[in-house]
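Thanks for making the time this morning. I would like to walk you through three residues, one after another, and I will put the structure up before I start.

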Amino acid sequence: LCNRSSLRGFFFRTDVSDEIHLDPFTTGVGNTNLPPSRRQGIELDGRLALLSNLRISAGYAYTEAKFLEGTLAGSPFVIGTNMPIEGRTVPLVPRHKVNFGVAWDAKPGTRLSGVLSAASRQVLDNDEPNTLGHRIPSYYVVDVKLTQRLRWGALSASINNLFDGDYYTYAVRSAFAPDRYAVYPLPGRTFALTAELKLN
């Protein structure tokens with residue numbers, strides 16, 4: 001590949017022990033150490049200069065995150081007791097993540113760029129047993145930005161969540177009601193104007 005283009009990929013495998021977690025399933029809610037887990041997969045990313053003023057980038061990650069062993073003791077006052085989690089999916093880890101970006105230098109000092117980010121569904125926080133039956137849905141978001149470089153700095157206009165999609169990346173399972181959970185939605189379409197002042 002030419003010096004303005006690149007491609008790389010790697011495999012990873014991480015074993016985690018004694019991960020600290022806020023445990024709502026045990027009487028006297030507090031921090032506890034989760035049973036051992038493993039995250040393994042592949043990551044790919046690349047950049048390509050299609051023209052002198054047009055570049056694209058892309059990335060993909062596949063992650064398998066599982067508990068290797070263990071049982072959550074729980075208590076009679078929460079959703080269960082002695083809940084096995086061996087082989088269950090670790091919460092808040094999407095199996096697939098994708099990003100794709102384009103940058104176009106319309107003229108010297110003027111750049112229009114856009115990024116698409118997407119992730120597959122995820123297990124909710126506090127659902128280590130994977131028994132809720134609901135997942136954080138898959139989502140995608142597109143952001144665009146126009147930047148004008150000037151002698152004294154830069155001006156930028158951006159639109160985040162261009163298509164005004166409804167999505168969230170975090171949700172937590174109730175410890176007391178088996179079918180209840182709380183979600184934290186992220187903003188819809190937003191606009192921003194920024195100015196950057198160069199002091200040197």
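**Three residues in a predicted model**

Let me begin with leucine 146, which lies in strand β12, the stretch covering residues 139–150, and please keep in mind throughout that what you see is a predicted model. Is leucine 146 buried or exposed? Neither word quite fits, because its relative accessibility is 42%, and the partly exposed class takes in what falls between the under 20% of buried and the over 50% of exposed.

As for its surroundings, once we set aside the neighbours within four places in sequence, leucine 146 is in contact with Thr110, Arg111 and Leu112, and also with Leu155, Ser156 and Ala157. Looking a little further along the chain, isoleucine 159 comes 13 residues away from leucine 146, and the C-alpha atoms of the two are separated by 9.1 Å.

Now to the backbone, and to two asparagines. Asparagine 126 sits in the loop that runs between β10, residues 122–123, and β11, residues 135–136, and its phi is near 70°, a positive value in a residue that is not glycine. With a relative accessible area of 9%, asparagine 126 is buried, since the cut-off for that class is under 20%.

Where do we find asparagine 161? That residue belongs to the loop between β13, residues 153–160, and β14, residues 171–173. Asparagine 161 likewise has a positive phi, in this case near 55°, and is again a residue other than glycine. Its relative accessibility is 5%, so asparagine 161 counts as buried.

Technical notes
Residues numbered from 1 in each chain as written. Predicted model: local features only at pLDDT ≥ 70, side-chain atom pairs only at ≥ 80, totals over all residues. Heavy atoms only, no water. Helix = DSSP H or I, 4+ residues; strand = E, 2+ residues; numbered from the N terminus. Buried < 20%, exposed > 50% of the residue type's maximum accessible area, 1.4 Å probe, protein only. Contact = heavy atoms within 4.5 Å.
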